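Here is a quick tour of a multi-chain model, written for someone who likes the cut-offs spelled out. Have the structure open while you read.

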There are 8 protein chains.
Amino acid sequence: MNPDRMRALLEAVRAGDLSPDEALERFAQLPFVASEHARVDTHRALRQGMPEIVFGLGKTPQQIASIVRTLREAGQTALVTRVESAAASDVQEREPGGDYDAAARVLWYGPNEVAITGAGTIAVVCAGTADLPVAREAEAVARRLGNKVELIVDVGVAGLHRLLAVSQALRSARVLIAIAGMEGALPSVVGGLVARPVIAVPTSVGYGASYGGLSALLGMLSSCASNVSVVNIDNGFGAAVVASLINRS
Amino acid sequence: MNPDRMRALLEAVRAGDLSPDEALERFAQLPFVASEHARVDTHRALRQGMPEIVFGLGKTPQQIASIVRTLREAGQTALVTRVESAAASDVQEREPGGDYDAAARVLWYGPNEVAITGAGTIAVVCAGTADLPVAREAEAVARRLGNKVELIVDVGVAGLHRLLAVSQALRSARVLIAIAGMEGALPSVVGGLVARPVIAVPTSVGYGASYGGLSALLGMLSSCASNVSVVNIDNGFGAAVVASLINRS
Amino acid sequence: MNPDRMRALLEAVRAGDLSPDEALERFAQLPFVASEHARVDTHRALRQGMPEIVFGLGKTPQQIASIVRTLREAGQTALVTRVESAAASDVQEREPGGDYDAAARVLWYGPNEVAITGAGTIAVVCAGTADLPVAREAEAVARRLGNKVELIVDVGVAGLHRLLAVSQALRSARVLIAIAGMEGALPSVVGGLVARPVIAVPTSVGYGASYGGLSALLGMLSSCASNVSVVNIDNGFGAAVVASLINRS
Amino acid sequence: MNPDRMRALLEAVRAGDLSPDEALERFAQLPFVASEHARVDTHRALRQGMPEIVFGLGKTPQQIASIVRTLREAGQTALVTRVESAAASDVQEREPGGDYDAAARVLWYGPNEVAITGAGTIAVVCAGTADLPVAREAEAVARRLGNKVELIVDVGVAGLHRLLAVSQALRSARVLIAIAGMEGALPSVVGGLVARPVIAVPTSVGYGASYGGLSALLGMLSSCASNVSVVNIDNGFGAAVVASLINRS
Amino acid sequence: MNPDRMRALLEAVRAGDLSPDEALERFAQLPFVASEHARVDTHRALRQGMPEIVFGLGKTPQQIASIVRTLREAGQTALVTRVESAAASDVQEREPGGDYDAAARVLWYGPNEVAITGAGTIAVVCAGTADLPVAREAEAVARRLGNKVELIVDVGVAGLHRLLAVSQALRSARVLIAIAGMEGALPSVVGGLVARPVIAVPTSVGYGASYGGLSALLGMLSSCASNVSVVNIDNGFGAAVVASLINRS
Amino acid sequence: MNPDRMRALLEAVRAGDLSPDEALERFAQLPFVASEHARVDTHRALRQGMPEIVFGLGKTPQQIASIVRTLREAGQTALVTRVESAAASDVQEREPGGDYDAAARVLWYGPNEVAITGAGTIAVVCAGTADLPVAREAEAVARRLGNKVELIVDVGVAGLHRLLAVSQALRSARVLIAIAGMEGALPSVVGGLVARPVIAVPTSVGYGASYGGLSALLGMLSSCASNVSVVNIDNGFGAAVVASLINRS
Amino acid sequence: MNPDRMRALLEAVRAGDLSPDEALERFAQLPFVASEHARVDTHRALRQGMPEIVFGLGKTPQQIASIVRTLREAGQTALVTRVESAAASDVQEREPGGDYDAAARVLWYGPNEVAITGAGTIAVVCAGTADLPVAREAEAVARRLGNKVELIVDVGVAGLHRLLAVSQALRSARVLIAIAGMEGALPSVVGGLVARPVIAVPTSVGYGASYGGLSALLGMLSSCASNVSVVNIDNGFGAAVVASLINRS
Amino acid sequence: MNPDRMRALLEAVRAGDLSPDEALERFAQLPFVASEHARVDTHRALRQGMPEIVFGLGKTPQQIASIVRTLREAGQTALVTRVESAAASDVQEREPGGDYDAAARVLWYGPNEVAITGAGTIAVVCAGTADLPVAREAEAVARRLGNKVELIVDVGVAGLHRLLAVSQALRSARVLIAIAGMEGALPSVVGGLVARPVIAVPTSVGYGASYGGLSALLGMLSSCASNVSVVNIDNGFGAAVVASLINRS
């Protein structure tokens, strides 16, 4: 998995510094050597080329704080998503520092300004005000991953003139995140206006036959625009990660 | 149910021409008196103000021909929907005359030109060529019910410029039928462009997560445009009936 | 989108008062020029021919009050739907005036009596007392949109004599809104009694296999009456808008 | 399970004619002693008080013929349901005799006229002509089980006058079977007209949002009439068995 | 609808005491003449042959008390189902008297002992203790409708010996109500043991893939026992009504 | 059902100590003779070879305590699952003793250390920390049933190196329980690594398109590894019982 | 993955016979070295301890024959499942030898009699004759994997006496496979009778609300018997593999 | 929409060569001027930066040939997807030339070798041989859009060693398409191995609880790997378009 580390081990075997059996043992243990906190994968930043992101939903403040501490002790940044306001305060008491963005429900431990490393702009487009929390999460995560982000809100498909008014901004993005609940038509319309990949995020906004985002999800998967791919309902975080990887080099 | 007929019976009772018991008997039988073909409701044209429409799906040519004959003997027109080409020929052999429209799968017994009685124009708008059979059915039925119809095709939401190019036509309609499969976003976009009622028809066009029209159906029911109501999947016929009733007076 | 405004701009170009590039710029910006509150579309009343309706669900009292203020400063009326009692009080404190209808969950800023502009009567028919909140919403919205409305309650299909007793009222309406939960059979039965468009509203009333309105929704979409179209579950507001547009001219 | 047979065995034990171990053995074997055709339960007529009914769907003509033969050799009648025309001929070739009712898809081996043993009349009511095969199955099975049956067809809820015209017949039945596809509203309306148990049978008639009978099934289960119970989609046979058991004594 | 009343009117027409138009008017109004409380149908006891049952779910104590009062003023009994303890106390304060059965969630206004009018016994059989509330509701309603009821609990199919131990009781019932959640297999097993109609009631007991009673509902509809019909999830009340109607005469 | 008890009865009949009718009576009553608490099946430990397990969900502390007391008076152990902390305290007040494991939500009345009777080791493997409660339940139940258990956590399929690091532990188990939410891929991957039966437990961990465990459930049922079978969502208890039965002899 | 092979490579490195880079290369390639048919995993028999099983569904006879040939050239047996009669003949023409079992749809290349290596008996129990193909598949696969198998058919839960008559056979099995369609209640009933693991197989037998096996699947997952685990619909093959692994030592 | 064309029109207005009203007219018509084949959008190649792709499913050979001809007369290439062998021959007779790839069901009119314009490699990874048609479609479309593609097959998650053997190839791709049916776990596992965007394609491969790709679809949307986005079931074409847009610059 790590050719250099493996080659080093094999060189040690050749040199007689390590017996084959010892080498065998080391191979299996390799990713966890010298880690006191086994669950925290301090090497991911290297492997994935992005900071460790902690999915906060379903974790206690205690668990989150412990993971953050491990990461910081390893000299890394930490980005916690889906963390409500009260939980964030609790984490920050246990592990001081950290910058909480309530609108995005994101807690950040790292430099105030992250250097822009993404090649172009990520446009985060959303249909209604009720979709804003998801859009904010996508925006915050994408920024912390080193991208220039443009947030465009309230451009639902039943008011086309608003969407057309921002078409220049849409076209100048390297990659777009289109967020919508209800009928979820925004990604199709946006996808037809640009020649770039569009990440569609269905939201649970709506009632009745929206079925908690199912209508938007099925609509986006069935999109007549072929440059659209889809992530889970309300998954602004995942959309930001995918968009960020697209925006590299 | 038929006040005139009832009043006539009551007058006959008053005049002594009919005993109360005989009247009682007649009341219960009323809608079916003197009809050899019990299943054919020759009075609907009067009651509903529109010609009898025969839903052909699941009926044999024999059954269809028999119903048509009954209606014509009663001096009425007959409009048969969802009848495939071979079945239509079979019906026409049994009951000569009739004008078959293969694209709409509609068989018509009546005058070549139906007088326009609708107040305005019905616009039938459809997203893709695969939705055409449903659009044709809607168009044919609406015309035979006495409406001026404008058919606008291939204006999917992923190619907005096509849709915007026909916005004048959309705005000049009294009522619109918007037909789409896949994500079914057309009614929302059309609904945002006009101040008229929009009848949405989801179609079974699509594959995979379209689930035979479910994605379009849920999307249309969840539409962010408030002037949209919905009929069953592929139900061009029903949309035409509703639009025709709206277009009266 | 606004031919007159566009023509004026083009005249200015011809007259040399505006360069082509300036005109180009203005075209894209057009619907938002001079609007301090970008999200509020003060022109919709003109475009759609009906007052702005604010969907209250998921909006804070603060957001609602701000939108209402913008509309009123623009000299318009405002109709807020799906606003619970406590939220309505909060809005009314921030933006005094306003008339709250608790049964309909509707908050109105405008004249006490709206002039009747609809051509005929809208009949709002509902099956059970549990469906009343949806019926009240439909009634309140339809009235505020300038229609004469007749509300007919407690006419479920398992007690046909009640429904037949009001058949005269049903027949004299220009358009009908039929509201029912559980098996949702009311629109089919009503649809068979009248020759007018029927807007069916499934409600979430019921339990078990009603699945929160799904049974009623599927039943209404599958209706054997061809003059029925359907809106979302519990969507009394949408039904009223569609009925109102039908009732115009 | 069979107290008399068990008592006889116990008496034999007391008399010393049978050892306890032999008795034990016999108890376990009891229902199958001396039966060459293990799968045919020739005792059901006694236990259930009705002739053996063979569900033909998914059985080969060979299998059906073999079961029929076993039953007849045991001196019993045999009623085979869901058997298509070609399969019936095949069965009749292998096992001569038998009376095939194509409309009901039912094959009968027994007396031409079954004596009426049911206490009252079973009314089989159905909404549309497409529901007829299910109605015919219910009718044929109920007759062969010894009931007086009245078949009432084409009384859909969108044409109430037809249904009201037969309300006397509905009210005079001991038990009713109400069969409908699409929105499946018939049982609710019929249930409201009578004070008798109504067995509802959803059919797979319909298209689109009918989902092969799901809309009718959910509607019937959610019926606002409390005297309605439901059997499986298209299950005319089961409805007839339940109705027949109700109609006894 | 009421032949005698109609005949009387017709006689009056013949006698000249009533004009045809007046008669026409009266016909439509007939069921509601002189009723101050339109929503309460005080004639149902006569029409349906059973006391009025008020479905309490979703009604306020105020509404329930008002309906109860109307019924009692009309000299009738009243049975309210699905009423929680607090609501029952509230109703009883507004309308004194009444006997509340907390286990069954049923409130009764009527004689302490209802005369047994049913022909045989209704057996209410249930699988687990968690199904008891539904069984109690079925039992209480059936008793108040004048039936002898035998309640048999805790006889799940995974402990057959318990079920077999009560088989004599099962076989001596005129009609059975079988209640089960989870896999809902009880009605099939019970149905195979008796030659009587079995009303199956799926319950929402279970978790995960039980999907709130869906697993039991589908299983019961698919039952391999042909003497089983099904009512809605948790609908002990409906099962009791159906069983009671079966148990008459 | 109990050959020895039956044989004894039959001997008594032969000896004349018991009449056939008395024997008949006893046979039906057999499993409940002399039991004051009918619902508690004190013989299951013998029949099933494992201690009685009480499913706590939906039972009151009173009911649980009563069952526990009955079991203990019969000299048996008792294992209560799905019992929350507060309920456990309540039970323990009513029935002192008992050892509560909060992480597993399991309450145990029996010896501190259960003797290991299982032949090999049961490996309980789980994907994420959110799946831990289910894993803990499986572990606790399996231990109390007399098995050696190895718990392996945080080995999700998106971090293969962690899973590969424990492959030796996986391979040395006699049977494995693989627990995962979201896409539920762990059992497939584990199943491919071992030649032992794998019991898959989908969990309700996840959001949006996970649909409360449906995604994991369907994925596990569709597993491309043929040594996988599945239990209900979150059913750690059931998995432990199955694994324990596999691990015997 | 293969410690011995890895150790050998490491010894070669130590001995200087292999450079570290060559070793690195070999590690990645290891499982496929010298295999002309990359897709065929000739080592699985060793890894999994059972012969290679080829899932025939969706493979052409050509593909199947090619895989079989590869396996046989490697000196292994081959078991092909889900292969229809015509396809089997085609495969056998291309790769002579092989024994086709039409009832089980299984094609076997190997010794006529497979040595019994399983510790006990696998009981394959099935509810109806329509479930037989699935039962036959389970039986054939289990036999070819070296197990003693007892097939018990036609023991549906609506005819308990048949099931009870075979309870001795059920109890003497080491592991049971219970197969049923429709309500899928057999595994619950069987599970209650034995103290062994029960593998439940839902079948697609049934119609209407059976939804192609969904009713049986949900029922089995919700089983009130805790010794039941479930495999995919109609997956007799998977059940046999799981049962066979349980039956080993 | 096309600033240059609009500016030219505005210049003409300024120059007096065009009246404002004429300009207004031209604006609305702009995208279709001078196009005889209205449905074919010959400008998309420019707008989207990729050749026109014709979705063949549901189009007649006649329609396809006509669209191809229009595109070629406009000097463009044409790529037709989802076209079966017979239909492709028919199209090629009507419009000679064209290169049909049967495995991918793709018909290509253009240069034999498309110049590589993509920045890196697109890896198309698929789980089983049954997924190959979808993989081939993705590969063919991606190649024709100017990308270097590496196809990696038969690397299902139940045989991890195969997948690990190709991990180098996975890591060297710029973007990956991961295709799988059944439990659809491949994208999660691949996503964990690379730091690149992964486009997941669920396939309809599987049976029973796979529900035609639903299990894979839900699993992929719920993936625990955050670099995964999803397209429609079997949508190899869409995945290729998205991957190609990512791979640009």
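## Sheet, helix, interface and salt bridges

In chain G, strand 2 (residues 78-81) and strand 4 (residues 106-109) run antiparallel and are joined by 3 bridges. For the terms: two strands pair if DSSP finds at least two bridges between them, while helices (H or I, at least four residues) and strands (E, at least two) are DSSP runs numbered from the N terminus. Within this pair, V80(G) sits opposite L107(G) of strand 4.

A word on ground rules: this is a predicted model, where local features need pLDDT of at least 70 and side-chain atom pairs count only at pLDDT 80 or more, though totals for chains, interfaces and linings use all residues. Residues are numbered from 1 along each chain as its sequence is written, chains are lettered from A and ligands numbered from 1 in the order in which they are written, and side-chain values use heavy atoms, with hydrogens and water left out.

Back to chain G: its open sheet has 4 strands in the order 1-2-4-3, with mixed pairing. Strand 1 (53-55) and strand 3 (99-101) of chain G are at the edges with a single partner strand each, so one side of each has no neighbour in the sheet. From one strand to the next, the twist averages 20°. Helix 4 (residues 61-73) of chain G packs on this sheet and touches strand 1, strand 2 and strand 4 of chain G, with its direction at about 160° to that of strand 2. Contact here means heavy atoms within 4.5 Å; axes are lines fitted to C-alpha atoms, for helices over the stretch in contact, and angles run from 0 to 180 degrees between N-to-C directions.

How far should the 13 residues of helix 4 of chain B span at 1.5 Å a residue? The expected value is 18 Å, and the end C-alpha atoms of helix 4 (residues 61-73) of chain B are 18 Å apart, which agrees. (The expected span is 1.5 Å times one less than the number of residues.) The buried residues of helix 4 of chain B are P61(B), I64(B), A65(B), I67(B), V68(B), T70(B) and L71(B). Buried means under 20% relative accessible area, exposed over 50%, and partly exposed in between (1.4 Å probe, protein chains only). Those buried residues pack against strand 1 (52-55), strand 2 (78-81), helix 5 (85-94) and strand 4 (106-109) of chain B. Just after helix 4 of chain B, G75(B) has a positive phi of about 80°.

Next, the contact between chains A and H: 30 residues come from chain A and 31 residues from chain H. About 2,500 Å² is buried between them, with carbon and sulfur atoms giving 56%; buried area is the accessible area (1.4 Å probe) that two parts lose on being put together, summed over both. Chain A and chain H share 0 salt bridges, yet the structure holds 66 over all chains. A salt bridge is a side-chain nitrogen of Lys or Arg within 4 Å of a carboxyl oxygen of Asp or Glu.

Here are three of them:

| Salt bridge | Closest N to O |
|---|---|
| R94(A) with D90(A) | 2.8 Å |
| R94(C) with D90(C) | 2.8 Å |
| R82(H) with E137(H) | 3.0 Å |

The chain H pair links distant parts of the chain, 55 residues apart: R82(H) is in the loop between strand 2 (78-81) and helix 5 (85-94) of chain H, and E137(H) is in helix 6 (residues 132-144) of chain H. R82(H) is buried at 11% relative accessible area, and E137(H) is buried at 0%. In chain A, R94(A) and D90(A) both lie in helix 5 (residues 85-94), 4 residues apart, about one turn of the helix. R94(A) is partly exposed at 39% relative accessibility, as is D90(A) at 27%.
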